[in-house]
Structures are given as C-alpha cells and as structure tokens.
Amino acid sequence: ADGVLLEIHTKNKSFEMSERPEKYLNKNLHEIFPQDVADNMLYSIKEALSVNIPTEFSYSLITDSGQKYYQIVFSPLAEDKRVLAVIKEITKEHEAENKIKKLYNISNRQSGGMTQQVDDILNFGSNIFNAEAGVVLRFSNKEKNYFTVVYASHNDMAIERGMMYPVDAFFQKTLSGANEMSNTVSSMELEGASILKSKKIKAAIAAPLYLGGQISGALCFLSRPGREDYTDTDDDFIGLMSRLLSLAIELRQADKLVLANTSNLQRALAYLKLPALMLDANLKITYNNDAFAELCLKEKRDLQGEDLFKTFTYDKEKAKKVFLTAASSAKDDGFNAEFALKDKSKNEALYTWKTRIIKNVAGEITAYVLVAE
C-alpha cells in the first residue's frame, strides 16, 4: 500500500527493470518513476485495495529510445495491503490509436471538397505505409480486368489520373473483397503492362472500395524500394481507410443522385451498413435504411413521419439544438452533429452523424441526409 517494490519478475529484455532488477527492489515508486506517475500509481493501488478489485492505469515515460507508453494493472492479493502489478508496453497500440484519430479528422473535414479530402487521405496513407504513391483505382469494365486511376498522390513514378492498366494477380484478393499486401511484389507473375510491373513496384498494400454495395475499385499504396513485412496493424489500417473512403464516395455519389432523383439516393443509402436516414425540413423521418431500424428495434415502415429527436432521443431539445446549431454553421452543405439515441440496449448511445443538407433551386433546405459513424 506504500508503493514499495517487493518482487520483480520479467522475461522482456527490452523492459527497463529487466536489467539488474535488484536495483529497484525495496524502493518506493517515487524513487523510480516521475512524481505524477508515482502519485497516480499509488492512488490506483489504494483504490484496488479499498474496493478489492483490479484497477488499471496508463502512463508514458521518456526513454533512451523515445517516448514509451505502458499499461499497468493492480490486482489486490489475499495478503493484507499488497497488490500484484502487471505492466505491459502499449506503445504500438497508442501509436495506432493516434493514427486512427488523425484519419478520422481527415475524413470528417467538410472544407476543401472531395478531391482535397482524397488527396489528404492518400498523403496520410503514403506516410503511414512509407509508400511513394497512394492511388485510387476504379474498375473500367464489367469483367473487372482493367482499372483506371481516378486519384493519385503526387509521385515520381508518372502515375497520373486517367491512366488505365490491366488487373493482375496481385489484385485478385481485392476483387473478392479482401485486403492484399506484399513486400515481394516483383517476384509475382505480373502482366507486363500492369501498374506494378511497368512501375517496378516491390511493395504494395491494397484494399477494396465499394459503391452501391459492390466492389468498384481499390485503394492502394505503392513503393519501388523494398520494405519490412506488413503487419496485422497495417492490414487493419488499410481496411479502415478503404471503408472511410468508400463512405465518402458513397456520400459524394449520393449528393449527385439527389439532384437527379431522391429515390436513387434512398437506394444508395440502403446499401450502407451504417445507420442512415433522411429527414425533411421539419426533422421528420422520410426514409431510413435497415441498419437504422435495427438500431432502434423498429420495422422500417414504422419510422416514416416520426420526429427523430422527439421519438429517439432522451433530451429532445438538447439534441435538436446541437443538430440545428451545427447545420447553421455548416460549410459546403455538410456538417457533423454528435447526439445520443435510444438504441436497442435501451441505453443512451452517442453517435456522430455525418450530415448533408439538401436544398432546392431557391436555396431553401428541403431535407437532411444523416449517416452514423
């Protein structure tokens, strides 16, 4: 309870205490860690002992190899006023979480338009995967044996928008909906005119893009120099990037469809796995997809005409104010609004709603399109 280290056991040679553990024995936490870290550890120890359940605490330290992040769990022992502390390094997890936050920030930007948003995603991904180029490919025909470059980050490989290439063996998994990654692309049997063969690519990672529920192309990052093996974290991250980009493309496509036919917009929203709905100018539901109905445990037909905020939020006035305030300050007819719904667990669940404003030729708001994140 006083924060004195009685025993140390570790097999992790990279852990600081693994070298000469006797150096730390019988020392107080304040003699080993910075004051703020030691203070929080002591508080967690006392809390674990007082309630007799494990407590968890995360902290960071500046080491010779840079800033490291750790998670420590204090479990009370049968012996009075003693705890077992299990420390785990979570630096990689922390870095991955920061990458995800940055990616969400990029994908949620409303200014700059679709082209700028895709450019930002490609540049960010190129940095993450240490790639020379980020490319968005769209299949050019029904057979999906050719694709066209629709977006490309600035690169020195002369890969430009509008170029067409045959689909080779590397992208077969992507065609079936799976991610693909390899740091030995050059050893694969590739078509001579393919983007990978013609640009002498050695490392590549790709994930499928969807439009209308169908695979429409691929997001990929390419590099001529070799690199270390891709990791499961890379696999997860390219998957997240492709899903967010697919959603942005869906919403972009939805914006175009609205101008032509509202029913087409509803069909586009129906393919989304995320909860989505349309509201009229009075905030009444005019359309919702299956995912939103499932969220609220309602039949789709039962929701038409319902007041979203009156029926599905605990604090109608607060949620409505948040939504309308965000709408009034929206740029480019798009905004994000965060408010809670009564979900199927009967708890208050907080969602961020990516929203597009629909206006008539007179500039009057006629509808809102909301997609949950």
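A pocket, on a 1 Å grid over the protein atoms alone, is an open set of points where a 1.4 Å probe fits, with protein on both sides within 12 Å along at least five of seven lines; lining residues have an atom within 4 Å of a point. The structure is a predicted model, in which local features need pLDDT of at least 70 and side-chain atom pairs count only at pLDDT 80 or more, while totals for chains, interfaces and linings use all residues. Residues are numbered from 1 along each chain as its sequence is written, and side-chain values use heavy atoms, with hydrogens and water left out.

The protein chain holds 10 helices and 14 strands. These are DSSP runs numbered from the N terminus (helices: H or I, at least four residues; strands: E, at least two). Of the 373 residues in the chain, 42% are buried (buried, under 20% relative accessible area; exposed, over 50%; partly exposed, in between; 1.4 Å probe, protein chains only). Among contacts with a separation of 6 or more, 45% join residues 24 or more positions apart (contact, heavy atoms within 4.5 Å).

The second largest pocket encloses about 540 Å³; a volume is the space filled by probe spheres set on the points, which are joined across faces, edges and corners. Its lining comprises 19 residues. Y210, R243, S246, K273 and L274 lie nearest the centre. Both β8 (203-211) and α6 (232-260) supply at least two lining residues. Helix α6 gives the most, with eight. By class, the lining has nine nonpolar, six polar and four charged residues (nonpolar: Ala, Val, Leu, Ile, Met, Phe, Trp, Tyr, Cys and Pro; charged: Asp, Glu, Lys and Arg; polar: the others, Gly among them).

Helix α2 spans residues 91-107, 17 in number. Its first and last C-alpha atoms lie 24 Å apart, close to the expected 24 Å (1.5 Å times one less than the number of residues). T91, A96, L103, I106 and S107 are its buried residues. Seen down the axis of α2, they fall within an arc of 145 degrees, and so line one face of the helix (arc, that of the directions from the helix axis to the C-beta atoms).

Helix α3 covers residues 113-128 and has 16 residues. Its end-to-end C-alpha reach is 23 Å, close to the 22 Å expected. Its buried residues include M114, Q117, F124 and I128. Just after α3, N130 adopts a positive phi of about 50 degrees.

T366 sits in strand β14 (residues 365-372). This residue is partly exposed, at 36% relative accessible area. T366 and L283 are 83 residues apart in sequence, and their C-alpha atoms are 10.0 Å apart in space.
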